[in-house]
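Hi,

Here is the structure I promised to send over. Have a look at it first, and then read my notes below.

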Amino acid sequence: MTDVPVTAKIALTGGRDFWHTNAVPEADLPAVMVTDGPHGVRKQSGDVDHVGLGASEPATCFPPAVGLSSTWNRDLVRQVGVALGEETKALGVGVLLGPGANLKRDPRCGRNFEYFSEDPYLTGELATALVEGVQSEGVGTSLKHFAANNQETDRMRRDSQIDDRTLREMYLRAFGKVVRESQPWTVMCSYNKVNGVQASENHFLLTEVLRDEFGFEGLVVSDWGAVWDRVKALKAGCDLEMPANAVHEAATVRAFEAGEIDQATIDTAYERIERVMRRAAATLADAPDTFDEAAHHALGRAAAEQAIVLLRNDGVLPLSSDARVGVVGEFARTPRYQGAGSSRVNPTRLDNALDRIREIVGGEVPFAPGFSTNPKVPAPADAVSDAVAVAKDADVVLLFLGLGEAHESEGYDRKDLDLPAEQLALLDEVLAVNPNVVVVLSNGSSVLVPFAGRVRAVVEGWLLGQAGGPALADVLFGLVNPSGKLTETIPNRLADVPSYLNFPGDTTGVRYGEGLFVGYRGYDKTETPVAFPFGHGLSYTTFAYADLAATASDDGLRVEVTVTNTGDRAGREVVQAYVSKASSAVVRVPRELKGFADVTLEPGASERVVIEIAADELAYWSVLDAAWVIESGEYTVEVGASSRDLRASATVEVAGNEPVRPLTMDSTVVEAMANPVFAQAATAMMQGSIFGASDNDSLGVDAAAMLAELPLAALVGFSGADPADFQRLLDAANASAAGAA
Ligand code: BGC
C-alpha cells in the first residue's frame, strides 16, 4: 500500500470509464465493473449510458421494487436478491447498483417504480432483504440514492429542504436500517442538494450520519455525474466518483500538491475502495459464467404472483376456465413490465398474459389492442371499434390498461395521476356494451381509478418483470390466490396527496412542507378518503383476526394475534401492525407501520402470528436532544389487513428513555412544575401573586392554562422576583433531578 503513488490513489477515487473502477497495478488490484441494478443486471458491452438507452446483455428482469415490495415477503425478496447476486457474478460484475431506498413521497415521482414504499419501515425491511440476498453471493450492492432524492424534476440541482425530525424519521430511517442490518458494500450519494448542500459534498450526511451514526463500513460512490468538485466530495466522505472524470482527477492532483487536501483523506478513500474492489475481484476470479435462466424466470414468476394486488372484486373473480372471455388492451400482449431509465434490463425472455390466458382456456380468445401504449404512435383507426366488438361477444372483458414507458420514467416526473385519456374513453365504450369488465393495471406508481366502482374487479399489476404476464393470468383464473398488498396509497384526487402543495418546488428548492405526514400518515391525519389505502389487498379467501396480545419489554414490543382462514381456499395473508401514541409531547402521526408478517393458511386453519417490534422502532427523533428518544407511556398497537382495515387493538405501557432536560429560563411553567423541588417552591411563590389568587375563576379564564406555557424568564419578569434567586431555585431543582436520575 505504501508503494502506491499518491497519483494512483487519486486515480482510484474516480472511475476508469463509464462502468469500471481503475486498476492499481502497484497494488495488484484489477479494474472492477459495477452496473445497474436494481431488479436485474444491465451489463452494457457496446455503447454506454446511464439512462437505459443502449443495449445490454440478457439477464432476468425480476419485478422492479414497486412489484417486489407489494409481496411484503422478506424471504422472497431475499431469494430474488440471491438470484440477482448469481447473475451479477456470472456476468462478471462486482457491484450491482441498487436497491433504491428513497421514500415515495409523491406518486408523481417518475422513478417511484424503483422504490419500495411510502413507508420507511417497510422500505428498510425489504431493501435489507435484497441487500442480504445479493451480497450472500460475494458481490456488492449500492444502496441509493442517499438522500432525499424523491423527485426527478431538476434532480441534479434541486435542494430538498427538510426539517431535522422529518429527515431522520422519514427520509434517512430506511437507509439507517439497511446499513445497520446488512452493511451494503457501497452507498450511492444522490444528485440533489439536501438543506442547501450538494449530497456528494454533504459531510453531515456522508460522514456524520452514514458512518458515525449508522456505522457504515463500505465505500460511498457518487451517482453518475453527481460530483461537481472531487476535492470537496472526498473531504465530505464521497470516496468514489463515477463515471470517469479526467478533469476532476487532475484538479484533485493539483489540490493535493497545493496542500488543499491531505494525504490522510486520500488514503481513507483509497483504502475503502480497495477493500471493496478486492472482495469483488476475489469473487469474480472463480465465478461461473452462467446462471440458471429457467430457474430465475420461475422465481421471477413466483415473485410476480405474490406482488399482484386485487383492489376490488364483486365476486366476478376468479374466472372459471370455461368462461367466455374477451381480452382488450395492448398490455395483455405487450407487457409493461419494468420502468424506463438506468434500471432497464434486457430480459432473457418475455411472457405475456394473453398467451397464458389462451393456454388456461385451452383455445382461441378474442383480443383487440384498443390503444397504442406509445403516445407518439397513434392506434389504428378501427382500434376502438375492434375492441368494442370483442367486448360485445364476451361474457367477461379483461381490459388491460396502464401507463406506457413514455408516461413515467427516470429523468422526469408525471404531471398528473391519470390514465391516458384514450384508455379511459375506451373503458367507457367497452362498458357501454358489456358491464362485466375486469380492469387489469400495469403502472409504476399510483394512477387514479375513478372507474373502480363501475367495473366488476380491479387488479393492480404494477410492473412485474419478465414473467409477470402469466402470473396475472393465473390470478384472474384463480390458479394463484392473490395476496399482494399496497405499499403506497391510491388517492382519489391528485390534490389530496399530502405533498401536493410542495411538489416539485422550484429553482429555490423543494420544501418538504408536509413534514412527517407522507402517504397514509397524511391521509389519516386529515381523514381524507382514499380510493385504496396503504396495506390494502384482497384475496379469494377471507381471514379473521382474534386474541390480540401485546406486551412490552426492554427489547420492544411483542405482538401476537391468531389469524384464521375463514374461506374455502388456501391463501396468504400479510398481517400488519401499526403503532400510535395518543398522548405525546411531540407531534405524532395517527399510526405508523412498525411490523408485519405473512402467513399461508389452508381453509379453516389458524395460526398464532408473532410480530416483534424492536424498541428502536418506537423512537422519535427529538430535535431538542438531537437524539432518538423513546417516550414513556401508553402506546396503542393496531393489527389488521390494511392501514384502514384494523381488526384488533391493544394498549401497552412502555418504559421510555427520555433524557432529563435541565430546567432553564427557557423552560415553560408546565415543564418546570414536573420537577418536585421547583413545584414546591413555585407554588409557595405564586400564592401571593395574581396567578395564585383564589378569585380569578370569576374572570372566566383558566389561569393555570394561561400560565402553563409561560417561559420562566417571562414569569420572573412579571413576578418582579430577583432573577438570581430564581436561578438558584433552578439549580437546586436541576441538582435534585440529576441526583434522582
Ligand atoms: C441513476 C442511478 C444509476 C446510475 C448509473 C443514474 O442516472 O440515478 O440510479 O445507478 O445512473 O446508471
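What follows is a short tour of what turned up, beginning with the ligand. Please keep in mind that this is a predicted model.

**The ligand and its surroundings**

How many residues surround the ligand? There are 15 of them, and the closest are Asp36, Arg111, Lys144, His145 and Asp223. Sorted by character, this shell has seven charged residues, five nonpolar and three polar.

Some side chains come within polar reach of the ligand's oxygen atoms. In Arg111, a side-chain N or O atom is 2.7 Å from an oxygen atom of the ligand. For His145, the distance from a side-chain N or O atom to a ligand oxygen is 2.7 Å. Arg155 also takes part, with a polar side-chain atom 3.3 Å from an oxygen atom of the ligand. The ligand would expose 310 Å² if taken alone, and the protein buries 100% of that.

**Two cis peptide bonds**

One of the residues closest to the ligand, Asp36, has a further feature to look at: a cis peptide bond joins Asp36 to Gly37, with omega about -10°. Gly37 sits in the loop that runs between β1 (34–36) and β2 (58–59).

Another cis peptide bond links Leu317 and Pro318, and its omega is about 0°. Here Pro318 belongs to the loop between β10 (309–313) and β11 (325–328).

**Cysteines**

You may well want to know about disulfides. The count comes to zero. Take Cys61 as an example: its closest cysteine sulfur is in Cys109, and because the two sulfurs are 19 Å apart, they are too far from each other for a bond. Cys61 is also buried, since its relative accessible area is 1%.

Cys238 is worth a look on screen too. Its sulfur lies 4.1 Å from the closest cysteine sulfur, the one in Cys189. Why is that not a disulfide? The sulfurs would have to be within 2.5 Å, so at 4.1 Å the pair is too far apart for a bond. Cys238 counts as buried, at 2% relative accessibility.

**A buried arginine**

Arg230 is found in helix α7 (residues 230–236). Is Arg230 buried or exposed? It is buried, because its relative accessible area is 3%, which is below the 20% limit for that label. What does the side chain of Arg230 contact? It makes a polar contact of 2.8 Å with the side chain of Glu241. A polar atom of the Arg230 side chain also lies 3.3 Å from the backbone oxygen of Ile10.

**An enclosed strand**

Strand β15 (residues 437–442) is largely enclosed by the rest of the structure, because six of its six residues are buried. Its two faces are both covered: Val437, Val439 and Leu441 are buried on one side, and Val438, Val440 and Ser442 on the other. In general, strands of a sheet pair through backbone hydrogen bonds, either parallel or antiparallel. For β15, the pairing with β14 (residues 396–402) is parallel and spans six bridges. If you want a place to find this pairing in the viewer, Leu399 stands opposite Val439 in β15.

**A four-stranded sheet**

There is also an open sheet of four strands, in the order β8-β7-β5-β17, with mixed pairing. Which strands are at the edges? They are β8 (197–198) and β17 (510–511), each of which pairs on one side only. Strands β5 and β17 run parallel where they pair, over two bridges, and Ser160 stands opposite Val510 in β17.

**Two aspartates with positive phi**

Last, a pair of backbone details. Asp28 is not a glycine, yet its phi is positive, near 60°. Asp28 lies in the loop between α1 (6–12) and β1, and it is exposed, with a relative accessible area of 64%.

Asp154 also has a positive phi, about 55°, although it is not a glycine. Its place is in the loop between β4 (140–146) and β5 (159–161). Asp154 is partly exposed, at a relative accessible area of 23%.

Happy to go through any of this with you on screen.

Best wishes

Terms used
Residues are numbered from 1 along each chain as its sequence is written. This is a predicted model: local features need pLDDT of at least 70, side-chain atom pairs count only at pLDDT 80 or more; totals for chains, interfaces and linings use all residues. Side-chain values use heavy atoms; hydrogens and water are left out. A residue is near a molecule or strand if one of its heavy atoms lies within 4 Å of it. A polar contact is a pair of N or O atoms within 3.5 Å; within protein, one must be able to donate a hydrogen and the other to accept it, and residues adjacent in sequence count only if both atoms are side-chain atoms. Accessible areas come from the Shrake-Rupley method with a 1.4 Å probe; for residues, only the protein chains shown count as cover. Ala, Val, Leu, Ile, Met, Phe, Trp, Tyr, Cys and Pro count as nonpolar, Asp, Glu, Lys and Arg as charged, and the others, Gly among them, as polar. Buried means under 20% relative accessible area, exposed over 50%, partly exposed in between (1.4 Å probe, protein chains only). Two strands pair if DSSP finds at least two bridges between them.
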